[in-house]
Amino acid sequence: MTSGKRSIIFTEKDPIASKRHEKLLSAERLKATGRLASEIAHELNTPLGGVLMYSHLLLDDLPADDPRRENVVKINKLVHRCKIIVQGLLDFAHEDTSELKPVQINRILLNVIGFLEDHILLRSIAVRTYLDPALPMVTGDENKLEQVFINLIINAAQSMDGTGTLTLRTEVALGTDGVLVECSDTGSGIDDKHIGRIFEPFFTTKGPGKGTGLGLSICHGIVEHHGGTMTVESSKEQGSTFMISLPVAKQGSDCGWPISDRESNIADPES
Ligand SMILES: Nc1ncnc2c1ncn2[C@@H]1O[C@H](COP(=O)(O)OP(=O)(O)O)[C@@H](O)[C@H]1O
Ligand SMILES: [Mg+2]
């Protein structure tokens, strides 16, 4: 019997072991993709910086009424976009040097909801928050964690196509030294054939120009950089739940401010 056949028997007979095997393969694939992403990002970062600098110099040299300015401004903007993508790849590959300090997850979530409230995608989506008032601080980078929650909320809103319920929940992870953050939607759910790939960079099911496929891979990188984990559960047509666990800050103290469970409906008063 060849080893290939043995692995097929093992797959059929032991579904739990096979799932674990799949998870390991997928973790290995993510690691390898991370290394590749990091190499590409490093190679691109320096020349892109050069293009950006020279286009700025060119812009400085051109008189204010020069018609060529318009094109140089376009070059500038596009290079900026490339820099953001490259930064995303570096984040995914954990190549970030941000400083981690104790942060309040509940406050970050409320901030994010606050500034997404007016986003057209969220206008008729009910947002429910169940934030544990006794949530300890976690060690983190506030901006990066904001980025994670924004990505998850936008994805959730896109999956609901305008209407549905978004639920954000925080709680202390019982029996572990961590904090749990859940982001659930009542959207389209994720196909079984896609769910193993959604954290890969550039994997997207959205049409051209609609998705870059970088959001979740960046989130994954950021959460790992924080020493946390990110998982997903989804069922077709019923919605998805993304779960993030983050380690409690060493000097872990209570967040010290009461937030009662609340329900809010972010609806456009104009509509
Ligand atoms: N909340 C969600 N509901 C359904 N599918 C999702 C959700 N979040 C992510 N996905 C799936 O994962 C893919 C990758 O997401 P992401 O990395 O954010 O890239 P993008 O949003 O640019 O497609 C999406 O294209 C979509 O298929
Ligand atoms: Mg996205």
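Two helices count as oblique when the angle between their axes is neither under 35 degrees nor over 145 degrees, and does not fall in the range of 65 to 115 degrees. This cut-off is helpful to have at hand for the helix pairs described below, all taken from a predicted model.

The protein chain holds seven helices and eight strands. Of its 271 residues, 26% are buried. Among contacts with a separation of 6 or more, 74% join residues that lie 24 or more positions apart.

A good place to start is the pair formed by α4 and α5. Helix α4 covers residues 105-116, and its axis comes within 10 Å of that of α5, crossing at roughly 55°. The two helices are therefore oblique to each other. The crossing of α4 past α5 is right-handed. On the α4 side, I108, L109, N111, V112 and L116 make the contact, and on the α5 side the partners are E142, L145, E146, F149, I150 and I153. Sorted by class, this contact contains eight nonpolar residues, one polar residue and two charged residues. A general feature of helices is worth recalling here: with 3.6 residues a turn, residues three or four places apart in an α-helix point the same way.

E146 gives a closer view of this contact. The residue belongs to helix α5, and leaving aside residues up to four places away in sequence, E146 touches I108, N111 and V112. E146 and I108 are separated by 38 residues in sequence, yet their C-alpha atoms are 6.3 Å apart in space. Is E146 buried, exposed or something in between? With 17 other C-beta atoms within 10 Å, E146 is partly exposed; a buried residue would need 20 or more such atoms, and an exposed one 12 or fewer.

Helix α5 also packs against α7. Here the axes are 9 Å apart and the angle is about 145°, with a left-handed crossing. From α5, the contact draws on K144, Q147, V148, N151, L152 and N155, while α7 supplies G215, L216, I218, C219, I222 and V223. Seven of the residues in this contact of α5 with α7 are nonpolar, four are polar and one is charged.

Helix α7 has a further neighbour in α3. The axes of α3 and α7 come within 7 Å and cross at roughly 45°, so these helices, too, are oblique to each other. As α3 passes α7, the crossing is left-handed. G88, D91 and F92 of α3 meet S217, I218, H220, G221 and I222 of α7. The class make-up of this contact is three nonpolar, four polar and one charged.

How many of the eleven residues of α7 are buried? Nine are, so α7 is largely enclosed by the rest of the structure. The buried residues are G215, L216, S217, I218, C219, H220, G221, I222 and V223. They pack against the helices α3 (69-92) and α5, and also against the strands β6 (229-235) and β7 (239-247). Beyond the helix, α7 is followed by G227, which has a positive phi near 75°.

The helices α5 and α7 return in the surroundings of the ligand. Around ligand 1 there are 22 residues, of which S159, T204, G211, G215 and L216 come nearest. Two elements give two or more residues to this shell, namely α5 (142-160) and α7 (215-225). Which element provides the largest share of the shell? It is α5, with four residues. By class, the shell around ligand 1 has 14 polar, six nonpolar and two charged residues.

A second glutamate makes a friendly counterpoint to E146. E43 is placed in helix α2, which spans residues 15-61. E43 has 11 C-beta neighbours inside 10 Å and therefore counts as exposed, given that the limit for an exposed residue is 12 or fewer. In sequence, E43 and V86 are 43 residues apart, and in space the distance between their C-alpha atoms is 9.7 Å.

Conventions
Residues numbered from 1 in each chain as written. Chains lettered and ligands numbered in written order. Predicted model: local features only at pLDDT ≥ 70, side-chain atom pairs only at ≥ 80, totals over all residues. Near = placed C-beta within 6 Å. Nonpolar A, V, L, I, M, F, W, Y, C, P; charged D, E, K, R; others polar. Contact = placed C-beta atoms within 7 Å. Axes fitted to C-alpha atoms, helices over the stretch in contact; angles between N-to-C directions. Left-handed = near helix turned anticlockwise from the far one by under 90°.
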